[in-house]
Amino acid sequence: MKPYPFTAVVGMQDLRLALVLSSISPAVGGVLVRGEKGTAKSTMVRALAGLLPEVDVADGCRFSCDPANQDPACPDGPHSVDAAHRRPARLVELPVGAAEDRVVGSLNLERALGEGVTDYQPGLLAAAHRGLLYVDEVNLLHDHLVDTLLDAAAMGRATVEREGVSISHAARFVLIGTMNPEEGELRPQLLDRFGLTVEVASSREPEQRVQVVRRRLAYEADPEAFAAEYAAEDAELAVEIQAAQRLLPSVTLSDEALLQIAEICASFEVDGMRADIVTARAAVAHAAWSGRDEVTTDDIRVAARLALPHRRRRNPFDAPGISEEQLEQALKDAQPEDPGPEGPDDNGPGSGSEPPSADGQPGGSKGEENRHSDESSPQNAQNGSGNQTVGAGKPYRARLFTVKGTGEGAHGRRSRAITDTGRTIGVQPSSVREGGPHLVATLRAAAPHQRARGRSGAGLEFRPQDLRFGLREGREGNLILFCVDASGSMGARARMREVKSAVLSLLLDAYQRRDKVGLITFRGAGAELALPPTISVDAAASRLESLPTGGRTPLAEGLLEASRVLKIEAIRDPRRRPLLVVVTDGRATSGADAVAHSHAAAGLLADAGIAGVVMDCESGKMRLGLAAELAVRLGAEHVPLGEVAAETLAGAVRSRTSGRAA
């Protein structure tokens, strides 16, 4: 089936421009496409491959070497200059569940040890050389794989090292990642490694939505005819891209233009120098795309809109985006005496387009500060039902809570687990054929059989059954399920602000440790799953910020809802061990025998072996100790609200230590 034509996509001018600029200059560093589901992110990326020029490849080279500019370190080289063929540029798609060996390639350890031969099997990075590497849902990919991809994209090379054997090959490609922010964010350190970013959202204009549907239905009815209808436009765009690629080396970046770029990046207080470098490269690419041989203010303006929004995030609760007013002021401050026209230039297709923010409005988000001030400035605002909403304070570094024992869950940084990375603690049974090879154990397994195998010479005779794999212990990510008391008593004592600060701090800790999070609230007549388990910690923070308080305290209902959610998650994600965090003062006021019912519900969770923490929110001189009793019933750790901070715990340890010394 013919792919959907690139020029047939309705709207998406910013995404179109970002993809074109990255195709013109892969050194820009690729594109991260953020947006809700169903916004043609994947469609446009797949269509882009058809616009790229064909490449000349050396015959027999698995690494797509250019015969006229060969990689001296190519494992298949050297190549004959005359033996070559031409093929289309590849689009290589990286599955979310891909193993590291599949991405970077693998070495045949048996041949390396027995014959002294380096038998390297190329991975996806080799296949993507001189083409496109597309990662859908890049935010769901393991962090170490994202690091590997970004390192290769930045360096233009991929390196594989296994048991002292090292292989390196060229890996220059356009990296394109797509993600839905609702499913979790990338760490700011990884966001910074993507050159450009674009926020996409579906149009709210009925006429444009109708056009999208009509084109999609026409494509599905007859893909060949639909593709033929847009073939001329796609071909024209491909010619323009090739012309810009030829012009790119001739584009001049003056000192005045560099000063403007530096002024903009400094005004937005971005970390490091990567923002300046990427903005400069994108501006040069945009000048080439516009047919100019010198970078102008308009090129810098467009480049900054694409290169800076995601670099303003410093923690997971910051929204990406830049202020248009601040951008224009920075450009004005650094402009030379003859600034030229104020508006965007129209010479290049798609030039001067303004990326929308996540809510579809121009200019991006104003950041975390405004979100907090907008939502929590009336710290005890009343809503229509008489309940109150209390804003959260500033998060702090929380103490570490873990699940006891050793798990086998997803990679993370919280609880102990058997993983395929980490320190080696032993050898897997001979029946286990996964993980990293254990060299010493493999040699020991092969040594007794050398005479029977007729060994001759210096090398050992190996068989597949000799291979042994290491048993490694690392850290896993857990499911942190918050069960928060939002009843009237919490708000009446003005404790909700402190409670929200503590939970927000634990959410930040969960983000850093690669945990999944969920949020249950209970108040009034029952409990509500405010946020189903997700890796989107910022979504949990948003729900928490707007959480109202009021009504009775249905503690038993909250615990029963937690039990229900955890049972479902145990089926969906059985390897991820849960940690239940109950935030309450222990009171239960929803009917007769409410306390007894809550103790019975706690017993169900304890019998299921659910690890837990009870965050005790009780205050005042007269304390009933109900939260401490609930912790006993749950078999959970009891932690007073004031001891959630890591500094508080460290201070208590120092105090006890100095007391014993005295």
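**View 1. Lining of the second largest cavity in the predicted model.** By class, six lining residues are nonpolar and two are charged. No polar residue takes part. The lining consists of F401, R414, I480, F482, L506, D509, L579 and V581. Three elements each supply at least two of the lining residues: strand 17 (479-485), helix 18 (496-512) and strand 21 (578-584). The enclosed space comes to about 50 Å³. Across the whole structure, the search finds three cavities of 30 Å³ or more.

**View 2. The largest nonpolar core and its most connected members.** This core holds 67 residues. I176, L196, I264, W289 and L308 touch the most other members. Helix 12 (residues 274-289) gives the largest share, ten residues. Another core, of 37 residues, lies apart from the largest one. Its members include A126, V135, L149 and L191. In soluble globular proteins, nonpolar side chains tend to be buried together.

**View 3. Surroundings of I176.** Neighbours within four places in sequence are left aside here. I176 is in contact with L19, V31, V33, V45 and L48. Further contacts of I176 are with L132, L133, Y134 and V135. V135 also belongs to the core of 37 residues, whereas I176 is a member of the largest core.

**View 4. Helix 2 and what covers it.** Helix 2 spans residues 41-48. Six of its eight residues are buried, so the helix is largely enclosed by the rest of the structure. The buried residues are K41, S42, M44, V45, A47 and L48. Two helix 2 residues in this set, V45 and L48, are also in contact with I176. The cover over the buried residues includes helix 1 (13-24) and strand 1 (31-35). Strand 4 (91-93) and strand 7 (132-136) are also part of that cover. So are strand 10 (174-179) and strand 11 (196-200).

**View 5. C74 and C65, a cysteine pair without a disulfide.** Which cysteine sulfur is nearest to that of C74? The sulfur of C65 is, 3.5 Å away. A disulfide needs the two sulfur atoms within 2.5 Å, so this pair does not count as one. The search of the whole structure finds zero disulfides. C74 has 7% relative accessibility and therefore counts as buried.

**View 6. C617, a buried cysteine.** Is C617 buried or exposed? C617 is buried, because its relative accessible area is 0%.

Key
Residues numbered from 1 in each chain as written. Predicted model: local features only at pLDDT ≥ 70, side-chain atom pairs only at ≥ 80, totals over all residues. Heavy atoms only, no water. 1 Å grid on protein atoms, 1.4 Å probe; cavity = no way out; pocket = protein on both sides within 12 Å on 5 of 7 lines; lining within 4 Å. Points joined across faces, edges and corners; volume = space filled by probe spheres on them. Helix = DSSP H or I, 4+ residues; strand = E, 2+ residues; numbered from the N terminus. Nonpolar A, V, L, I, M, F, W, Y, C, P; charged D, E, K, R; others polar. Core = buried A, V, L, I, M, F, W, Y, C linked by side-chain atoms within 4.5 Å. Buried < 20%, exposed > 50% of the residue type's maximum accessible area, 1.4 Å probe, protein only. Contact = heavy atoms within 4.5 Å.
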